[in-house]
Structures are given as structure tokens and as C-alpha cells.
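I opened this entry to look up how the chain is laid out and what its core is made of. Notes follow in the order I checked things.

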Amino acid sequence: MAEKIHIHARGADGVPHRFDAAEGMTLLDLSRTQDIGLQGKCCGALRCGTCHVVVDPAWAGRLPPASEEELDVLDCLPVVAATSRLGCQVRLTAQLVGLVVDVPGWKPKHAESADGGVVITTPVAEPAGLPAPAVPV
Ligand code: FES
């Protein structure tokens, strides 16, 4: 059984949002069920770059190196950082529990935690035709 791990994603507000994931998922897999702002237009085929994330420098060295194909896609993006990666290529492992990434341009929908620290986000995918759930305060 896959181990549960968590990561933190920061959007335009700079606040870390905690997400729980199963070991073995990619960041793009995670974004399919929860809003971490990755579009993933090519579904991980290394053709679009819409899954761009910037890995916190404290974590960058813990990820396996990017492949030549990933680097080629990153080279085509207008703005990248030294620790930029493609979310479709970042596979979550037990070694990455607590990983922190920035998602350029992401505007999170979230509920602040009671202690003002890490916030828990709500899934974006909601059944069609139903009103959005109330956000707890
Ligand atoms: S989803 Fe297209 S390159 Fe990652």
C-alpha cells in the first residue's frame, strides 16, 4: 500500500498550502484532484511546460536530476529559476515528505488554519451543478 505523504505548494500569495498525496504520484497527478495550479496540458508528455514549478532551494538537491527532455522543455519557458522543474516529472517519494514548491501564477482557493500557519486547501473538482461548499472559517 502506498504511503501517505504531504507537500506544500505556494502560489502568488506566498503562503504554503499543505496537500496530502500517495507515494508514487507526481505533482501533476496531485493537481488533477486538488488545486495546486498545474494545468498539465500535455498530460505529462513533456510537450507543454504548463506544469512548471520552482522547487524550494532547500529541497532541490533531494530530487533526482532532470532528464534531457525535461531540461529541453524548461529551456522553452519564458521565465525559469535555477530550481525549476516540471510537475509531471516530480514523483513524490518518502524522501520528499514536506517538499515545498512555488507554482508561478497560481491563485489558491483556501481556508486559513486556526493557528494562522499552514492552510488546508479544498479540492477544486466538484460535481457539476452543485454549489461550492462553504469554506470553514
Ligand atoms: S504536463 Fe506538459 S510538460 Fe508536464
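**Layout and core**

I counted 3 helices and 7 strands in the chain; helices (H or I, at least four residues) and strands (E, at least two) are DSSP runs, numbered from the N terminus. From the N terminus on, I read the order as β-β-α-β-α-α-β-β-β-β.

I note that this is a predicted model, in which local features need pLDDT of at least 70, side-chain atom pairs count only at pLDDT 80 or more, and totals for chains, interfaces and linings use all residues. Residues are numbered from 1 along each chain as its sequence is written.

I looked up burial next: 28% of the 137 residues of the chain count as buried. Buried means 20 or more other C-beta atoms within 10 Å of the residue's own, with C-beta atoms placed from the backbone.

I then took the largest nonpolar core (buried Ala, Val, Leu, Ile, Met, Phe, Trp, Tyr and Cys residues joined through C-beta atoms within 7 Å). This core has 22 residues, and Ile 7, Leu 27, Ile 36 and Val 101 have the most contacts inside it. At least two core residues each come from strand 1 (4-10), strand 2 (16-22), helix 1 (27-33), strand 3 (52-55) and strand 5 (99-102).

**Around strand 5**

Which strands pair with strand 5? I found strand 1 pairing with strand 5 in the parallel sense over 4 bridges, and strand 3 pairing with strand 5 in the antiparallel sense over 2 bridges; pairing requires at least two DSSP bridges between two strands. Ile 7 stands opposite Leu 99, and Val 54 opposite Asp 102.

Methods
Buried ≥ 20, exposed ≤ 12 C-beta atoms within 10 Å, placed from the backbone.
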